[in-house]
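Please load the model in your viewer and keep the selection panel at hand. The tour below goes from stop to stop, saying what to select and what is found there.

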Amino acid sequence: MSDQTSTQNPVTQYSKPPFERQPQDPPGLAGQMTPLPDHGEKTYKGTGRLLGRKALITGGDSGIGRATAIAYAREGADVAINYLPAEEPDAREVVELIEAAGRKAVAIPGDIRDESFCQTLVADTVRELGGLDILVNNAGKQQAVDSILDLSTEQFDATFKTNVYALFWITKAAVPHLQPGATIINTSSVQAYDPSANLLDYAQTKSCIVAFTKSLAKQLGEKGIRVNAVAPGPFWTPLQVSGGQPQDAIEKFGSQTPLGRPGQPAEIAPVYVLLASQESSYATGQVYGESGGAGNP
Ligand code: NAD
Ligand code: MG
């Protein structure tokens with residue numbers, strides 16, 4: 001764990017490779033990773049930047065979504081999280097952390113590859129929280145496959161359903177509830193700009209998310225609803241150890257960046273806070289990179 005506000009050397013602030021091989025079945029659990037990821041549980045300090053807002057975060061149980069959920073709650077927001085039923089142990093911890101911050105937590109497990117579930121997810125969030133101001137489309141599927149010849153139609157379809165269709169379905173259901181000042185934040189990737197050979201399907205979906213973000217920002221600008229994306233580089237999350245990378249790449253995960261290590265989820269949550277808060281009022285249709293020095297934007 002690292003204090004997030006004192007001046008430190010970012011190279012030595014967190015764990016660096018080599019890491020242990022640690023395969024998990026997808027979607028994986030943060031609680032079973034070595035070292036445990038830092039989602040800001042012990043460090044994130046809020047200053048009321050999202051006081052009274054109501055947020056829905058997909059993939060809010062672990063990784064980047066969990067760090068965002070903790071930060072939003074400590075900034076004064078009530079938070080609904082979506083995740084897969086197999087992730088209940090991670091999700092329970094997030095619910096406790098949101099409640100410990102004195103905010104309302106709503107846990108809505110379910111598979112976002114299903115359009116009717118996406119509609120239910122938004123309707124339940126709006127009912128439980130009494131509205132919606134911040135939508136964070138963050139859930140994602142990533143499974144590395146070396147050759148296009150081994151990439152199945154089933155995987156291609158599941159990756160697009162999770163990363164692209166669900167974003168469309170959830171956002172479509174949410175827009176009628178959003179008022180001027182509301183924000184939508186999507187999670188893209190450096191893979192949209194510098195795709196890896198073994199992430200052929202995933203990288204395409206992350207490009208889709210950039211185009212979706214920029215197009216929708218143009219649609220919703222006049223309504224006063226902002227739409228932005230974050231493009232992370234390598235972050236230490238279950239997505240990566242549960243098939244997002246082959247295990248030999250996990251051993252050296254993040255070593256290729258100028259900072260020489262992966263990012264921890266706690267290090268990217270402040271970007272999601274900024275994009276949700278009124279402080280970023282002129283940012284829409286933007287993609288914010290956070291990649292340790294490699295990749296774009
Ligand atoms: P993570 O495994 O902690 O989060 C991904 C979440 O997606 C899971 O917790 C799960 O709840 C959710 N999910 C997957 N399939 C789902 C489904 N069918 N229905 C409902 N929920 C589903 O990993 P993370 O790295 O924090 O991922 C968050 C986002 O960040 C993803 O969009 C990912 O593509 C993106 N991203 C991650 C990295 C990285 O290096 N970790 C880099 C760039 C982008
Ligand atoms: Mg998870």
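Helices (H or I, at least four residues) and strands (E, at least two) are DSSP runs, numbered from the N terminus. This is a predicted model, in which local features need pLDDT of at least 70 and side-chain atom pairs count only at pLDDT 80 or more, while totals for chains, interfaces and linings use all residues. Residues are numbered from 1 along each chain as its sequence is written, chains are lettered from A and ligands numbered from 1 in the order in which they are written, and side-chain values use heavy atoms, with hydrogens and water left out.

Start with Tyr193, which you will find in the loop between S5 and helix H5 (200-220). Its relative accessibility is 31%, so Tyr193 counts as partly exposed, where buried means under 20% relative accessible area, exposed over 50%, and partly exposed in between (1.4 Å probe, protein chains only). If neighbours within four places in sequence are set aside, Tyr193 is in contact with Val210, Ala231, Val287, Asn296 and Pro297, contact being heavy atoms within 4.5 Å. Add Ala283 to the selection, and the C-alpha to C-alpha separation from Tyr193 is 20 Å, across 90 residues of sequence.

Next, select the magnesium ion (ligand 2), whose protein donors are Asp61 (OD), Ser62 (OG) and Glu87 (OE), lying 2.1 Å from it. Donors here are N, O and S atoms within 2.8 Å of the metal (3.2 Å for Na, K and Ca), and as water is not among the atoms, sites may look incomplete. Along the sequence, the donor residues follow the spacing D-S-x24-E. Ser62 and Glu87 link distant parts of the chain, 25 residues apart: Ser62 sits in the loop between strand S1 (54-58) and helix H1 (63-74), and Glu87 in the loop between strand S2 (78-83) and helix H2 (88-100). Are these two residues buried or exposed? Ser62 counts as buried at 10% relative accessibility, and Glu87 is buried as well, with a relative accessible area of 7%.

From here, move on to H1 and H2, whose axes come within 9 Å and cross at roughly 15°; axes are lines fitted to C-alpha atoms, for helices over the stretch in contact, and angles run from 0 to 180 degrees between N-to-C directions. The two helices are therefore roughly parallel to each other, since angles under 35 degrees count as roughly parallel, over 145 as roughly antiparallel, 65 to 115 as roughly perpendicular and the rest as oblique. To display the contact, select Arg66, Ala69, Ile70, Ala73 and Arg74 of H1 together with Asp90, Glu93, Val94, Leu97 and Ile98 of H2.

For another helix pair, select helix H3 (residues 115-129) and helix H4 (residues 153-174), which pack at an angle of about 40° with their axes 9 Å apart. That angle makes H3 oblique to H4. Here Glu115, Cys118, Gln119, Leu121 and Val122 in H3 meet Ala166, Trp169, Ile170, Ala173 and Ala174 in H4.

Helix H8 (residues 269-276) has 6 of its 8 residues buried, so H8 is largely enclosed by the rest of the structure. The buried residues are Ala269, Val271, Tyr272, Val273, Leu275 and Ala276, and what covers them includes H1, strand S4 (134-137), strand S5 (183-187), strand S6 (226-232) and strand S7 (287-290).

Finish in the segment before S1, where Pro18 is found; the peptide bond from Pro17 to Pro18 is cis, with omega near 5°.
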